[in-house]
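Me: I should like to learn how to read the structural features of a model, one at a time. Could we work through an example together?

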Amino acid sequence: MSLLPLAIDLVLALTLLWLAWRALNSPDLFRAVVLFIALGLVLGLVWVRLDAVDIALAEIALGAGVTGALLLAALAKLQPAASQTDELQTAELQTAELQTDQAAVMAPIALRLFIALLLLAFLAGLGFAVWQLWVPAPGLSNLVEARLDESGVAYPVTAVLLNFRGYDTLLELAVLLLALIGVWSLSTAPHLGDEEPEPALAALSRLLAPLMILVAAYLVWVGAYAPGGAFQAGSVLGAAGVLLRLSGWRLSLSATGWPLRLVLVLGVAVFAFIGLAVIGFDQPLLGYPPGWAKPAILAIELAATLSIGAILAALFIGGRP
Amino acid sequence: MSSVLVFALAGLGLIGLGLYGLLVQRHLLRKVLAFNVISSGIFLLLAGLARRAPGAEPDPVPQAMVLTGIVVAVAATALALAMMLALRSATGRTRLEDHGDED
């Protein structure tokens, strides 16, 4: 009986490795990206098998969804649409590119073998270290369990994210914002034509977008006592933004100025403000006063969800408006 | 051999495959893919090591760290892709200059 789950897990693990190998070595870039998205989805299943439902949600929404959309958008910008240029010229370009690709797509074979051998030695060492570490250890679960009542939420992962390890989450929001500042300083948003989206996409996005916003609201609320929370909700919001953008919806010009920037920094601003304000109540930085943890976490999570969603959608659009 | 160990070893394998791709492939988009495969491998290894005790509740701290890591990886990917596109529009190339080659 107990062999069946192990067999399923072995198949999942081998699928992961096979997909990773194919994604990294397939000659066609588009195929490589699609295989990478498939890798993210299988990884989501693996997280469920490891009882990490939060990570599974984030992996599928972010690792497979948003990263996949980012990669496909970048690929589309790399390969100009063949229909718009002269066909003969495109063919010539493609052959030329293919030839240089063949010559320079990878390092020479001797170097590749050398790298592979070095990496095998490295992996053997790492594997040995993991094997040595493989003795049951309680980790920090007991500590989290003992202090959960004071944290303001009933779900340990949310408690760690927004209370016990608040620093990490605050800095993570800052990293997201920094990445967006980097992207914005590199380019301006491409001007989009006024072409009508395909009818199926338009109809589907009208159905899906409100549902996704509803799911995001549910996820952020349920995060207090079950898998969910600001990051999962934010990624669903971001995905809704990507979908709306693809179906031709855009912010009105008056909203792309300071209102958009306000939403983008709201998460960091609210988190940092609450984290600093508690010092006035004789608490350490980011330490919530007793009894105030729940409302503080809720306010931070709501602001963070909005910001994460807006930042992810802005990263996908890729450029200063 | 437990399922958790299987996934931890798969994480090791992903780290190895990703490092190999990062070093061997020249196209920058492929390097970004490889970097993402490495990060997935590290997350699996971290979450696997956190579940060594059989049958116990999963440790929430590594889970929260992996969640943080996934979000940071997405942000880094977006920045890397934007830099790749900027390089392409500035120089027309999608790979970094290699001074060791004679081409």
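**Reading the features**

Reply: The structure, a predicted model, holds 4 cavities of 30 Å³ or more. The largest cavity has a volume of about 130 Å³.

Me: Which residues lie nearest the centre of the largest cavity?

Reply: A lining can be read by residue, by element and by class. By residue, 14 line the largest cavity, and A:F36, A:E59, A:G63, B:N36 and B:S40 lie nearest its centre. By element, at least two lining residues each come from α2 and α3 (53-78) of chain A and from α2 (28-49) and α3 (60-91) of chain B. By class, the lining comprises 7 nonpolar, 6 polar and 1 charged residues.

Me: How many salt bridges does a search of the whole structure find?

Reply: Over all chains, the search finds 4 salt bridges. One of them joins the side chains of A:R49 and A:D9, at 2.6 Å from N to O. A:R49 belongs to helix α2 (residues 29-49) of chain A and A:D9 to helix α1 (residues 3-25) of chain A, so this pair ties together parts that are 40 residues apart in sequence.

Me: Are the two partners, A:R49 and A:D9, buried or exposed?

Reply: Relative accessibility is read against cut-offs: a residue is buried under 20%, exposed over 50% and partly exposed in between. A:D9 has a relative accessible area of 0% and is therefore buried, whereas A:R49, at 36%, counts as partly exposed.

Me: Which other side chains meet in a salt bridge?

Reply: A:E150 and A:R147 do so at 3.2 Å, N to O; A:R147 is partly exposed, with a relative accessible area of 45%. A:R165 and A:D168 likewise meet, at 3.1 Å, N to O. Of these two, A:R165 is partly exposed at 39% relative accessibility, and A:D168 is partly exposed at 25%.

Me: Why is helix α7 of chain A described as largely enclosed by the rest of the structure?

Reply: Burial can be read over a whole element. In helix α7 (residues 156-164) of chain A, 7 of the 9 residues are buried, so the helix is largely enclosed by the rest of the structure. The buried residues are A:V157, A:T158, A:A159, A:V160, A:L161, A:L162 and A:N163.

Me: Where is A:G291 found, and how far apart in space are A:G291 and A:G152?

Reply: Separation can be read both in sequence and in space. A:G291 is situated in the loop between α11 (258-277) and α12 (293-317) of chain A, and counts as exposed at 74% relative accessibility. A:G291 and A:G152 are 139 residues apart in sequence, while their C-alpha atoms are 7.6 Å apart in space.

How values were computed
Residues are numbered from 1 along each chain as its sequence is written. Chains are lettered from A and ligands numbered from 1 in the order in which they are written. This is a predicted model: local features need pLDDT of at least 70, side-chain atom pairs count only at pLDDT 80 or more; totals for chains, interfaces and linings use all residues. Side-chain values use heavy atoms; hydrogens and water are left out. Buried means under 20% relative accessible area, exposed over 50%, partly exposed in between (1.4 Å probe, protein chains only). Helices (H or I, at least four residues) and strands (E, at least two) are DSSP runs, numbered from the N terminus. On a 1 Å grid over the protein atoms alone, a cavity is a set of points where a 1.4 Å probe fits but cannot get out, and a pocket is an open set with protein on both sides within 12 Å along at least five of seven lines; lining residues have an atom within 4 Å of a point. Grid points are joined across faces, edges and corners, and a volume is the space filled by probe spheres set on the points. Ala, Val, Leu, Ile, Met, Phe, Trp, Tyr, Cys and Pro count as nonpolar, Asp, Glu, Lys and Arg as charged, and the others, Gly among them, as polar.
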